[in-house]
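Work through the exercises below with the sequence and the 3D structure open. Try each task before reading its solution.

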Amino acid sequence: MRDFPTSRREFLAAGLALGSCGLAPLPETAHAQDRPADLPPADVDCPRCLGMGLIPLKNPTPYVFISGQGPFKPEDAVAGELCPECLSTADKNLLVEWAKSDHATIEENHRQWQGRLSGRLLLLQTRHATIHAQLRPADARKAGQAVEALTLHLQKVTDSLRLTPTRPVNYLQTLLWNRAAYDQFRKAMEKLYPTEQLGENWLPARDANSYDHFLIAHCYLTPLTLRELPPEYHSLKFAATRQIQVATEWQAPLWLMEGFGAYTQDAILKDVRVSTVYVNDRGPGKPFTLQDARKQHVAGQTRPWEEILPRELREFEKADYTQVLGMVAFLMSREPRQILELVRLIREGSPAENALSEAYGQSVAELDEACGKWLSG
Ligand SMILES: [Zn+2]
């Protein structure tokens, strides 16, 4: 059984995903279409879109819809362009119609949550996530902008949608205001689902301040945490973790998941403040950056990669969090097709060590050395 921090003032929030156990969609989103009915399926072996059917938009403008602040614009919410290789003759208006139909589902779901939480709730929608927020619009907007920036960044770096597989209709977060709202949210979830369906960590998570639950990632903020740990950090970490989990079909090892969450916080928000921790005193303890990973390497305070690859959450120590940030930043800095290949191999069941060697064409020891050179360079 994994543990959760119990301190409400803990700087670092904990969140544990539950793996692939019973990925039942929420009732309101269960009927959302996987793709428009008239759109032919993408070629699963297509070298251009890697089976996604979509490729990144050219020069996209970040899109964040916020309820009460102007109309939803389906043409701006479309997540990508149709693949010019395998869907070249398909009608691109289908994507706009799809975005419209998803938004209607999302709004209905939002109305349901407003009723369950009996309070004012903002709806935010990015191209890849939906956020229900009990926050001021200015604070909530930052969370939406961070998630949108994250997905655009990953698409730009990899020229692919492979690392951003979620859609707003099937990926939800809830940012609550204070502990009472967190308890109310949990009660609402318990009315919707039997406890066993919510997973074995549901009960221990009642004492946490943040929970990356597979149905709806959720956390609560207070006046204190709003200053120290603003909502964009929670939203970004939740969304980054979910992208890598879905991209690997929930088989990403911990070093990759934590490293990816840290790499994206560092890239978008300029430091890392949210990590998944087993107990409070085993977490990073304070914000850190890629610069700290570089310093740690130069000071010789890193483990060989072969030791860190199989490490589990309860074994993670402060220095491991910084090291996995450096590892993933290094892996992302190489040829984009290599990280995409790594993710594909892990998704298909390869152990991480084999997947790394095959994707990058170097042994784990060689990658370890190359990463060290990159960090000290
Ligand atoms: Zn294609």
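The exercises treat a predicted model, and each solution goes step by step.

**Exercise 1. Describe how helix α9 packs against helix α14.**

Step 1. Locate the helices: α9 covers residues 290–298 and α14 covers residues 364–376.

Step 2. Two packed helices are described by the angle between their axes and the distance between the axes. Here the axes come within 9 Å and cross at roughly 115°.

Step 3. Classify the angle. Angles of 65 to 115 degrees count as roughly perpendicular, and α9 and α14 are therefore roughly perpendicular to each other.

Step 4. Assign the hand: the crossing of α9 past α14 is left-handed.

Step 5. List the contact. From α9 come Ala293, Arg294, His297 and Val298, and they meet Gly372, Leu375 and Ser376 of α14. By type, this contact has 3 nonpolar, 3 polar and 1 charged residue.

**Exercise 2. Determine which residues of α9 are buried and where on the helix they lie.**

Step 1. Pick out the buried residues, which in α9 are Leu290, Asp292 and Ala293.

Step 2. Look down the axis of α9. The buried residues fall within an arc of 155°, so they line one face of the helix.

Step 3. Turn to the other side of α9, where Gln291 and Val298 are exposed.

Step 4. Ask what covers the buried residues of α9. The cover includes α8 (254–269), α11 (318–333) and α14.

Step 5. Check what comes after the helix. Gly300 follows α9 and has a positive phi, near 70°.

**Exercise 3. Describe the packing of α3 against helix α7 in the terms used for the first pair.**

Step 1. Give the geometry: the axes of α3 and α7 (residues 231–247) are 8 Å apart, at an angle of about 35°.

Step 2. Give the hand: α3 passes α7 in a right-handed crossing.

Step 3. List the contact. On the α3 side are Asp139, Ala140, Lys142, Ala143, Ala146, Val147, Leu150 and Leu154. These meet Pro231, Glu232, Ser235, Leu236, Ala239, Ala240 and Gln243 in α7.

Step 4. Sort the contact residues of α3 with α7 by type: 10 are nonpolar, 2 polar and 3 charged.

Step 5. Relate the list to helix geometry. An α-helix has 3.6 residues a turn, so residues three or four places apart point the same way.

**Exercise 4. Is Leu50 buried or exposed, and is Asp159 buried or partly exposed?**

Step 1. Place Leu50: this residue lies in the segment before β1 (54–55). Leu50 is not a glycine, yet its phi is positive, about 55°.

Step 2. Apply the cut-off: a residue is buried if 20 or more other C-beta atoms lie within 10 Å of its own. Leu50 has 22 other C-beta atoms within 10 Å, so Leu50 is buried.

Step 3. Place Asp159, which sits in the loop between α3 (137–158) and β6 (172–177). Asp159 is not a glycine either, and its phi is positive at about 50°.

Step 4. Count again. Asp159 has 13 other C-beta atoms within 10 Å and is therefore partly exposed.

**Exercise 5. Describe the surroundings of Leu121.**

Step 1. Find Leu121 in the loop between α2 (93–117) and β4 (122–125).

Step 2. Count its neighbours: with 23 other C-beta atoms within 10 Å, Leu121 is buried.

Step 3. Name the contacts, leaving out residues up to four places away in sequence. Leu121 touches His110, Trp113, Gln114, His132, Ala133 and Gln134.

Step 4. Compare sequence with space. Arg111 is 10 residues from Leu121 in sequence, and their C-alpha atoms are 9.0 Å apart.

How values were computed:
Residues numbered from 1 in each chain as written. Predicted model: local features only at pLDDT ≥ 70, side-chain atom pairs only at ≥ 80, totals over all residues. Axes fitted to C-alpha atoms, helices over the stretch in contact; angles between N-to-C directions. Helix = DSSP H or I, 4+ residues; strand = E, 2+ residues; numbered from the N terminus. Parallel < 35°, antiparallel > 145°, perpendicular 65-115°, else oblique. Left-handed = near helix turned anticlockwise from the far one by under 90°. Contact = placed C-beta atoms within 7 Å. Nonpolar A, V, L, I, M, F, W, Y, C, P; charged D, E, K, R; others polar. Buried ≥ 20, exposed ≤ 12 C-beta atoms within 10 Å, placed from the backbone. Arc of directions from axis to C-beta.
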